[in-house]
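Thank you for making time for this at group meeting. I would like to walk you slowly through one model, starting with how its helices pack and ending with a few single residues.

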Amino acid sequence: MIRRRAETQQPTEDTELLRTLAGVCRRAAAGDLEARLPAIGDSPAAIEARSAVNALLDVTDAFVRESGAALSAAAEGRFHRRFLTRGMLGSFRHAASTIGAANDAMQASAVRVAESDRARLALADQLESAVLTVSEQVATAATEMGASANGLSDFAREAVAGAERGLTTVGSLRTASDQIRNAVDLINQVASQTRLLALNATIEAARAGEAGRGFSVVAGEVKVLANETSESSDEIIGQVATVQSAAADAIEVLESVTESIREMSRLVTGIAAAVDGSHDSGNAGLSQLAEVLRGEVSRFVTTVRAS
Amino acid sequence: MERTFGDDEIIVSKTDLRGLFTYANDVFLRTSALTEDETVGQPHNIIRHPDMPRAVFKLLWDTLKRREELFAYVVNLAADGAHYWVLAHVTPSFDGAGTVVGYHSSRRRPERRAVDAAAALYAELRAAEQRGPGGSGGQAGLDASWKLLHERLGGRSYDEFVWDLTNGGGR
């Protein structure tokens with residue numbers, strides 16, 4: 001149509017054509033890649049010019065659509081969606097390859113992140129399992145220790161009671177010794193009196209002369225008996241002293257043993273409190289501590305898994 | 001007769017929202033054996049080949065309605081009876097305000113290996129479409145074809161199927 005017009009009209013027509021071309025390029029420059037150059041003539045030059053402009057717009061349009069979509073896909077983890085370099089030439093191809101390389105790098109880093117996630121989850125599983133095992137073992141040990149401590153406490157109480165009964169027994173032995181000593185003192189006094197009586201009887205028998213001779217023999221025998229009684233009493237006193245000394249030693253030993261057992265009982269009570277927990281001080285026992293540890297680790301592991 | 005085009009070429013066309021051509025580049029016109037006047041203003045299905053399953057076009061329109069891109073292996077029919085395979089990248093065109101104003105297709109020359117795999121799948125789908133009551137246009141045939149497509153993809157999306165073929169066959 002343009003070609004059929006007269007030669008003199010040419011400058012106006014060129015102006016019109018250039019305006020159309022400028023309009024399309026301006027639209028494209030402003031980001032409207034829908035713009036394409038309409039037919040501008042039937043001459044081979046006009047057809048080629050239009051084809052060239054539209055080819056530029058086509059490749060730019062395709063590049064913009066591809067690059068945005070390829071990067072969005074990579075951001076969403078759809079790494080299989082590549083930037084197709086086929087049909088892209090020169091700088092377009094180079095840029096497409098660069099985006100492809102970035103895509104590869106993102107994929108590699110996503111793989112690494114996934115691997116580290118897997119490792120972290122495996123670690124969380126291992127930690128949880130280990131803590132579970134430990135806390136179960138601690139709970140079992142605590143139960144056994146608690147039972148042992150209670151048994152020891154009972155045993156200590158019984159031992160202290162037994163030792164106290166022993167002290168009482170030894171104490172009554174001392175009392176009995178004292179009573180024996182009193183009885184022996186009394187016997188000694190009687191023997192002493194008897195010796196005096198025997199002496200007087202000997203004197204009286206001598207004064208009676210021949211008539212008192214038989215009585216003198218009896219008085220001598222009585223004196224011998226009194227002396228023997230005194231000797232036996234001294235022996236008893238000695239033995240009583242030995243018994244009393246032994247009783248005192250026994251008391252000392254028993255008191256020392258009792259104190260040791262009481263100390264042991266206090267220690268065992270401390271162990272029982274550590275194992276079972278103490279209501280007075282509000283301390284948690286081993287079993288509770290193991291449960292708290294398990295709870296804390298479970299919370300930690302849950303956080304690790306979620307992050 | 002099968003026609004091909006250059007490795008460095010891109011077949012480009014644009015349609016409006018109704019699927020009527022608003023633009024076709026010279027590679028499109030040459031490959032389709034059409035003139036610009038025979039193309040612009042005409043519906044997109046003037047190049048539709050009878051071997052193309054309806055299930056793939058359903059997937060195409062479902063995807064575009066979600067404002068997403070689709071890569072698809074497509075066989076087109078030229079006006080002179082020849083056919084040509086393309087790896088089509090179909091995208092919605094947005095204006096500055098983000099409104100969809102039309103659709104755009106950039107098509108590249110596919111690898112033979114990918115074409116063979118796509119052709120085998122499409123032949124099965126077309127057979128399923130033709131078996132249903134009402135023939136290839138019936139809803140039952142489309143449903144059967146749609147179901148078969150997903151069976152054949154075996155848990156992959158069609159997108160993944162296309163990219164497996166594309167990445168495996170070289171770019």
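What follows is a tour of helix packing, nonpolar cores and some individual residues.

Before anything else, please keep in mind that this is a predicted model, and that every value I quote is computed from it.

Let me begin with chain A and its helix pairs. As a general point, two packed helices are described by the angle between their axes and the distance between the axes. In chain A, helix 3, which covers residues 90-207, packs with helix 4, which covers residues 213-276, at an angle of about 165 degrees, and their axes are 6 Å apart. Angles over 145 degrees count as roughly antiparallel, and helix 3 and helix 4 of chain A are therefore roughly antiparallel to each other. The crossing of helix 3 of chain A and helix 4 of chain A is left-handed, and the residues of their contact divide into 37 nonpolar, 17 polar and eleven charged.

Helix 3 of chain A has a further partner in helix 5 of chain A, residues 286-306, and here the angle is about 170 degrees with the axes 9 Å apart. That angle makes helix 3 of chain A roughly antiparallel to helix 5 of chain A. If you want to find this contact on the screen, look on the helix 3 side for residues including A:Leu121, A:Ala124, A:Val131 and A:Ala142, and on the helix 5 side for residues including A:Leu286, A:Leu293, A:Phe300 and A:Val304. By class, the contact of helix 3 of chain A with helix 5 of chain A has 15 nonpolar, two polar and five charged residues.

One residue of that contact deserves a pause, and my question is where A:Arg305 lies. A:Arg305 lies in helix 5 of chain A, and it counts as partly exposed because its relative accessibility is 33%. Not counting residues up to four places away in sequence, A:Arg305 touches A:Arg120, A:Leu121, A:Ala124, A:Asp125 and A:Glu128. The C-alpha atoms of A:Arg305 and A:Asp125 are separated by 9.2 Å, although these residues are 180 places apart along the chain.

A:Ser109 offers another view of helix 3 of chain A, since this is the helix in which A:Ser109 lies. With a relative accessible area of 30%, A:Ser109 is partly exposed. From A:Ser109 to A:Ala226 there are 117 residues in sequence and 119 Å in space, taken from C-alpha to C-alpha.

Staying in chain A for a moment, A:Ser67 lies in helix 2, residues 44-75. Is A:Ser67 buried or exposed? Its relative accessible area is 13%, so A:Ser67 is buried, and beyond its neighbours within four places in sequence A:Ser67 is in contact with A:Phe83 and A:Ile99.

Now to the nonpolar cores, where we move to chain B. The largest nonpolar core has 49 residues, and those with the most contacts inside it are B:Phe28, B:Tyr73, B:Tyr122 and B:Tyr158. The largest share of this core, seven residues, comes from helix 4 of chain B, residues 112-131. Leaving aside neighbours within four places in sequence, B:Tyr73 has contacts that include B:Met52, B:Trp85, B:Tyr122, B:Tyr158 and B:Leu165. There is also a second, separate core of eleven residues, which includes A:Val59, A:Ala62, A:Phe63 and A:Ile99.

Helix 4 of chain B also meets helix 3 of chain B, with axes that come within 8 Å and cross at roughly 100 degrees. That crossing makes helix 3 of chain B roughly perpendicular to helix 4 of chain B. The contact is made by B:Arg54, B:Ala55 and B:Val56 of helix 3 together with B:Tyr122, B:Leu125, B:Arg126 and B:Glu129 of helix 4, and by class it has four nonpolar, no polar and three charged residues.

I will finish with two loop residues of chain B. B:Ala33, in the loop between helix 1 and helix 2 of chain B, is not a glycine and yet has a positive phi of about 55 degrees; at a relative accessible area of 32%, B:Ala33 is partly exposed. B:Arg67, found in the loop between helix 3 and strand 3 of chain B, is likewise not a glycine and has a positive phi of about 65 degrees, and with 45% relative accessibility B:Arg67 counts as partly exposed.

Technical notes: Residues numbered from 1 in each chain as written. Chains lettered and ligands numbered in written order. Predicted model: local features only at pLDDT ≥ 70, side-chain atom pairs only at ≥ 80, totals over all residues. Heavy atoms only, no water. Axes fitted to C-alpha atoms, helices over the stretch in contact; angles between N-to-C directions. Helix = DSSP H or I, 4+ residues; strand = E, 2+ residues; numbered from the N terminus. Parallel < 35°, antiparallel > 145°, perpendicular 65-115°, else oblique. Left-handed = near helix turned anticlockwise from the far one by under 90°. Nonpolar A, V, L, I, M, F, W, Y, C, P; charged D, E, K, R; others polar. Contact = heavy atoms within 4.5 Å. Core = buried A, V, L, I, M, F, W, Y, C linked by side-chain atoms within 4.5 Å. Buried < 20%, exposed > 50% of the residue type's maximum accessible area, 1.4 Å probe, protein only.
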